[in-house]
Amino acid sequence: ALQFTPNFYFDATGTHVADLVAGPDAGKIALLDSSTFELLATVKPTGDSLRWYDLSQDGSVLLTGYSFGNLQAWDPATGELLGTGKVDLFSPGQFSLNPNGTLAAIALATDKYAVMSVPELTPVGPPFLVGPGGVFTAFGANDETYFSFTATHNEVDHWAISGDGLVNAQSLSTGVGRSEFAPDGSWMVKQSPDGSWSRWSLPGLTLLNRSGVNVGTAANNRFSLTAISPIVSADGKYIATANTDCPRGNQAGCSGKVVLWNAETGMPVGQPIPVANADRAGGPGIVVAFHPNLPLLALGGPPPGSGQQTTIEIWSFEAGDLKRQS
């Protein structure tokens with residue numbers, strides 16, 4: 001009995017899956033073999049309310065965070081408890097693991113970040129203030145570097161980490177919007193509410209280019225009404241965005257589209273692909289993902305009246321030629 005929600009994680013190696021367990025065992029996390037979906041282990045983190053959990057990219061560590069700051073690190077293959085720790089109350093409860101699972105950057109309730117070693121879960125230097133407003137953390141390609149997004153000021157901060165904690169920071173206002181990294185950590189793309197996007201170098205935060213045409217408003221996630229983040233192909237050559245012709249806010253029942261962009265030129269590849277957006281009966285809205293190895297784009301959404309049902313199409317984009325496959 002698994003509840004396949006947005007809190008359902010594969011590691012980047014494609015080895016493990018972590019998912020919340022529904023029913024009588026609610027609160028436990030099931031760890032599965034991602035090829036066979038064989039149950040490898042089930043873990044029961046300590047605490048009364050799960051706030052966040054994540055797998056490291058290399059599949060070596062599962063980190064769980066509960067109310068009152070309880071942290072636990074687990075071996076995904078066996079369910080063995082590797083370490084425990086504690087921080088201030090999470091707010092909003094998010095943390096990010098670096099690719100090899102040795103560091104975690106954690107948002108605290110006091111507008112601060114804590115950096116902790118994993119799996120020992122001991123502090124790497126003192127917490128440091130990032131200012132008021134919601135914050136989202138994400139590591140770049142360099143294990144010793146991560147980037148924070150401060151919602152109130154729409155800034156991108158670059159932090160370098162050493163044994164003494166914070167080394168330096170760069171801040172740049174890039175406007176409101178959702179962001180995504182290139183796989184190699186060399187740049188990020190940030191989409192504005194009007195649907196346009198800008199691409200910024202990392203860590204220098206120099207503007208590289210902007211989207212060349214306006215194809216419509218950024219599409220919202222059906223449940224949170226926040227914009228769907230742009231995504232980047234594994235080779236870093238393409239960007240995909242979810243757009244709509246409707247204004248911001250509740251876009252249920254509005255038409256949608258997915259646009260494939262050439263990251264370097266800022267121009268669309270082929271024509272925008274029409275896709276069903278969430279109707280008023282529910283459903284997740286537009287969904288979109290790149291294949292990690294092949295030039296394939298999966299996209300879709302719930303047709304009108306389908307409720308939670310989602311129709312997925314596969315499109316190829318070799319040599320800049322966008323074709324529907326199935």
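The paragraphs below walk through two sheets, some ring contacts and one valine of this structure.

This is a predicted model, in which local features need pLDDT of at least 70 and side-chain atom pairs count only at pLDDT 80 or more, while totals for chains, interfaces and linings use all residues. Residues are numbered from 1 along each chain as its sequence is written, and side-chain values use heavy atoms, with hydrogens and water left out.

Strands (E, at least two residues) are DSSP runs numbered from the N terminus, and two of them pair if DSSP finds at least two bridges between them. One open sheet has 4 strands in the order E17-E18-E19-E20, and its pairing is antiparallel. Strand E17 (178-181) and strand E20 (207-210) are the edge strands, each pairing on one side only. From one strand to the next, the twist averages 20 degrees, where axes are lines fitted to C-alpha atoms and angles run from 0 to 180 degrees between N-to-C directions. E17 is joined to strand E18 (residues 187-191) by 4 bridges, and the two run antiparallel. Within this pairing, serine 179 has lysine 190 in E18 as its bridge partner.

Another open sheet of 4 strands follows the order E26-E27-E28-E29, again with antiparallel pairing. Strand E26 (287-290) and strand E29 (323-324) stand at its edges with a single partner strand each, so one side of each has no neighbour in the sheet. Strand E27 (residues 296-301) and strand E28 (residues 311-316) run antiparallel and are joined by 6 bridges. Leucine 297 has tryptophan 315 in E28 as its bridge partner.

The whole structure holds 3 aromatic pairs; rings of Phe, Tyr and Trp (its six-membered ring) pair if their centres lie within 6.5 Å, and planes under 30 degrees apart count as stacked, over 60 as edge-to-face and the rest as tilted. Phenylalanine 290 and phenylalanine 317 form an edge-to-face pair, at 5.6 Å centre to centre with 80 degrees between the planes. This pair links distant parts of the chain, 27 residues apart: phenylalanine 290 is in strand E26 and phenylalanine 317 in the loop between E28 and E29. Both phenylalanine 290 and phenylalanine 317 are buried, meaning under 20% relative accessible area (1.4 Å probe, protein chains only). Together with Tyr238, they form one aromatic cluster.

Valine 259 lies in strand E24 (residues 256-262). Valine 259 counts as buried because its relative accessibility is 1%. Leaving aside residues up to four places away in sequence, valine 259 touches Val215, Ile239, Ala240, Thr241, Asn243, Pro268 and Pro272, contact meaning heavy atoms within 4.5 Å.

Notes. Buried < 20%, exposed > 50% of the residue type's maximum accessible area, 1.4 Å probe, protein only.
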